[in-house]
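User: I should like to learn how to read the features of a protein model, step by step. Could we take one structure and work through it together?

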Amino acid sequence: MKKQFLFLFFILVGFILYGCNNDEDKVTNPPDDAPAEQENGNRTDQSDDDVDNNQSSKDTNQNGMKNGREIHFTSFDLDIDYADNKEFDVDYENDTDGMEAELKDTVKGNEHLQGDVAFNRISPVFENFDFDKNSSDDDVISQVLKGFDLDDNFIEFELEISYEDGTKKEYKRRK
């Protein structure tokens, strides 16, 4: 009887530990040019000193960020609350452990995407953002709402971004 109990106990513990393994939001094939944050908060892609000297100054904006269709941050944590307990959440992080992406949308449906599927959905939106760390809060909030095709009748908007140069910014609005 004790052996059966012990056997069942270990099987149960195994299932619990398996259930706690949350690698579902890992992106398996992140783009090579996506900036990643190291433990010290710096990017892992090429530094400004490594930029080809033949590259035109038109390829960078006034803050030294590359223009074009790239992601200009290492983490993006968006939480928007709407009436009737509806919410829109995006969690994106690219660091030395790898890239993770997750999207939860109960505003336009009941969608919960993780990993590659979530990244494929959010990366085109990220690539179209043209704000940077010096942009106004209103501009950032407006672009995020427009990018994800969301209404501005939210109850609360919270966004935390770590830009590719290590700068961290928070954008908050409450109505």
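Analyst: What follows is a guided reading of this structure, which is a predicted model.

User: Let us begin with the interior. Which residues have the most contacts inside the largest nonpolar core?

Analyst: A nonpolar core is a set of buried nonpolar residues joined through their side chains. Here the largest such core has 32 residues, and those with the most contacts inside it are Phe-76, Leu-78, Phe-126, Val-144, Phe-148 and Phe-157. Two or more residues come from each of strand E2 (73–82), strand E3 (86–95), strand E4 (98–105), helix H2 (115–128), helix H3 (137–147) and strand E6 (156–163).

User: Which residues of H3 are buried, and what covers them?

Analyst: A residue is read as buried when its relative accessible area is under 20%. In H3 this holds for Val-140, Ile-141, Gln-143, Val-144 and Leu-145. The cover over the buried residues of H3 includes E2, H2, E6 and E7.

User: Which residues does Phe-157 touch beyond its sequence neighbours?

Analyst: Contacts are read here after setting aside residues up to four places away in sequence. On that basis Phe-157 touches Leu-78, Asp-79 and Ile-80, then Ile-141, Val-144 and Leu-145, and also Tyr-171, Lys-172 and Arg-173.

User: Tyr-171 appears in that list. Is Tyr-171 buried or exposed?

Analyst: Tyr-171 lies in strand E7. Its relative accessibility is 0%, so Tyr-171 counts as buried. Tyr-171 and Phe-157 are 14 residues apart in sequence, and their C-alpha atoms are 7.6 Å apart in space. Leaving aside neighbours within four places, Tyr-171 is in contact with Asp-132, Asp-137, Val-140, Ile-141, Phe-157, Glu-158, Leu-159, Ile-161 and Tyr-163. With Tyr-163 there is also a polar contact of 2.7 Å between the two side chains.

User: How many cavities of 30 Å³ or more does the structure hold, and which residues line the largest?

Analyst: A cavity is a space in which a probe fits but from which it cannot get out. The structure holds 2 cavities of 30 Å³ or more, and the largest has a volume of about 40 Å³. Its lining consists of Glu-70, His-72, Phe-73, Phe-126, Phe-129, Phe-131 and Tyr-163. By class, this lining has 5 nonpolar, 1 polar and 1 charged residues.

User: Let us turn to the backbone. Where do Asp-84 and Asp-149 lie, and what is the phi of each?

Analyst: For phi, one reads the sign together with the residue type. Asp-84 is in the loop between E2 and E3, and its phi is near 60 degrees, a positive value in a residue other than glycine. Its relative accessibility is 69%, so Asp-84 counts as exposed. Asp-149 lies in the loop between H3 and E6. Although not a glycine, Asp-149 has a positive phi of about 55 degrees. Asp-149 is exposed as well, with a relative accessible area of 59%.

User: Finally, where is Lys-175, and which residues does it touch?

Analyst: Exposure and contacts are read separately, and Lys-175 illustrates both. Lys-175 is in the segment after strand E7 (168–174). Because its relative accessible area is 61%, Lys-175 is exposed. Not counting residues up to four places away in sequence, Lys-175 touches Asp-152, Asn-153, Phe-154 and Ile-155. One of these, Asn-153, is 22 residues from Lys-175 in sequence and 8.0 Å away in space, C-alpha to C-alpha.

Terms used
Residues numbered from 1 in each chain as written. Predicted model: local features only at pLDDT ≥ 70, side-chain atom pairs only at ≥ 80, totals over all residues. Heavy atoms only, no water. Helix = DSSP H or I, 4+ residues; strand = E, 2+ residues; numbered from the N terminus. Buried < 20%, exposed > 50% of the residue type's maximum accessible area, 1.4 Å probe, protein only. Contact = heavy atoms within 4.5 Å. 1 Å grid on protein atoms, 1.4 Å probe; cavity = no way out; pocket = protein on both sides within 12 Å on 5 of 7 lines; lining within 4 Å. Points joined across faces, edges and corners; volume = space filled by probe spheres on them. Nonpolar A, V, L, I, M, F, W, Y, C, P; charged D, E, K, R; others polar. Core = buried A, V, L, I, M, F, W, Y, C linked by side-chain atoms within 4.5 Å. Polar contact = N/O pair within 3.5 Å; in protein donor to acceptor, adjacent residues only side chain to side chain.
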